[in-house]
Amino acid sequence: MMNWMRWFPENVSTYGGDVDSVFALIYWVGLVWFVITLGTFGVFLVLYRRRPGRRAFYITGEPLRQAAWILVPIVVILALDLWIDWRGAPAWAKVKGQFPPAELTIQVTGRQFFWEVVYPGPDGKFGTADDRQFSNEIHIPVGQPVRLVLKSGDVVHSFFAPNLRFKQDMVPGRLTGGWFEATKPGKYELPCAELCGIGHSMMNGSLYVHTPEEYQAWVKQQWPAAQPAAERSPR
Ligand SMILES: [Cu+2]
């Protein structure tokens, strides 16, 4: 990761580098363009300031030489946009396109003001007796893709895992999805990234990324009666 991005939350996502490089591109394009346009403004403000014996005059902007002040920036901005699109497309495809096959799918429902987390249990199916529900707490194994099914129970929320470089709106009446794969065990924040009411700023969950052994122990603790995966009949 580039040095200037040290202030970013630690990247523990397999696709985090792709997301960060698109972010860096947008950051630099925006910063350079900002300096150029405001610099030009500043220079003109000083150059053409009010002075005795000089009157402002009215221009229509119609002659090509005048219109060029609009047309040239439009072309430049369009080119920069296309550059960002072109560079961002592979990252987008990876994060939001085809999800990799995952053994674990977790359903998260945004509610005022917490994350309602549901695991399908050993049968891998939601809506069955072995489902288990948690509040503001997600446990996943390191080094495995995890799929997310995201819903809202009331208003629009946005599920945000900064360290996993994942953010996705939860829209009432709609299912949205996502996935991520963590590269490092630890405890990470899961804030809500969409102003959703008076308790929004307190809406924050924890993502526990476990080593495979730790994760198996956690699963065993939650579903003590479940048979080991090897004894299950293949689906
Ligand atoms: Cu929220």
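The copper ion in this predicted model is held by four protein donors: His157 (ND1), Cys192 (SG), Cys196 (SG) and Met203 (SD). These donors lie 2.0 to 2.6 Å from the copper ion. Donors are N, O and S atoms within 2.8 Å of the metal (3.2 Å for Na, K and Ca); water is not among the atoms, so sites may look incomplete. The 4 donor atoms subtend angles of 99 to 123° around the copper ion, and the arrangement is therefore tetrahedral. Four donors count as tetrahedral if all angles lie between 85 and 135 degrees. The ideal angle for four tetrahedral donors is 109.5 degrees. In sequence, the donor residues follow the spacing H-x34-C-x3-C-x6-M. His157 and Cys196 link distant parts of the chain, 39 residues apart. His157 belongs to strand E6 (residues 157–161), whereas Cys196 sits in the loop between strand E9 (186–191) and strand E10 (204–210). Helices (H or I, at least four residues) and strands (E, at least two) are DSSP runs, numbered from the N terminus.

Residues are numbered from 1 along each chain as its sequence is written, and side-chain values use heavy atoms, without hydrogens or water. Local features need pLDDT of at least 70, side-chain atom pairs count only at pLDDT 80 or more, and totals for chains, interfaces and linings use all residues.

His157 is buried, with a relative accessible area of 0%. Cys196 is also buried, at 5%. Buried means under 20% relative accessible area, exposed over 50%, and partly exposed in between (1.4 Å probe, protein chains only). His200 is placed in the loop between E9 and E10. At 16% relative accessibility, His200 counts as buried. Neighbours within four places in sequence aside, His200 is in contact with Phe113, Cys192, Ala193, Glu194 and Leu195. Contact means heavy atoms within 4.5 Å. One of these partners, Cys192, is a donor of the copper ion.

Phe113 also takes part in a cis peptide bond. The bond runs from Gln112 to Phe113, with omega near 5°. Phe113 is in the loop between E1 and strand E2 (114–119). Two further loop residues have a positive phi while being other than glycine: Asn136, near 60°, and Arg165, near 55°. Most residues other than glycine have a negative phi, and most peptide bonds are trans. Asn136 lies in the loop between strand E3 (132–135) and strand E4 (137–141). At 23% relative accessibility, Asn136 is partly exposed. Arg165 is in the loop between E6 and strand E7 (166–170). Arg165 is buried, at 10%.

The largest nonpolar core holds 34 residues. A nonpolar core is a set of buried Ala, Val, Leu, Ile, Met, Phe, Trp, Tyr and Cys residues joined through side-chain atoms within 4.5 Å. Ile106, Val108, Tyr119, Ile138, Ile140, Phe159 and Phe180 touch the most other members. Residues up to four places away in sequence not counted, Tyr119 touches Leu104, Ile106, Phe126, Asp131, Arg132, Phe134, Ile138, His139, Ile140, Tyr215, Trp218 and Trp223.

His139 lies in strand E4. At 6% relative accessibility, His139 is buried. On the same sequence criterion of up to four places, His139 touches Leu104, Ile106, Tyr119, Tyr208, His210, Tyr215 and Trp218. Gln107 lies in strand E1 (residues 104–111). Gln107 is buried, with a relative accessible area of 16%. Beyond four places in sequence, Gln107 touches Glu116, Val117, Val118, Phe126, Val149 and Lys151. Gln107 and Gln133 are 26 residues apart in sequence and 9.5 Å apart in space, C-alpha to C-alpha.

Two helices were also examined. Helix H1 (16–47) has 32 residues and should span 46 Å at 1.5 Å a residue; its end C-alpha atoms are 46 Å apart, which agrees. The expected span is 1.5 Å times one less than the number of residues. The buried residues of H1 are Gly16, Asp20, Val22, Ala24, Leu25 and Val29, and they pack against H2. Helix H2 (residues 64–96) has a kink of about 40° at Gly88, shortly before the proline Pro90. The bend at a residue is the angle between axes fitted to the seven residues ending there and the seven starting there. Gly88 is itself among the buried residues of H2, together with Ala67, Ile84, Ala91 and Val95. The buried residues of H2 pack against H1 and strand E8 (176–181).

How values were computed. Tetrahedral: all angles 85-135°; square planar, octahedral: opposite > 155°, others 65-115°.
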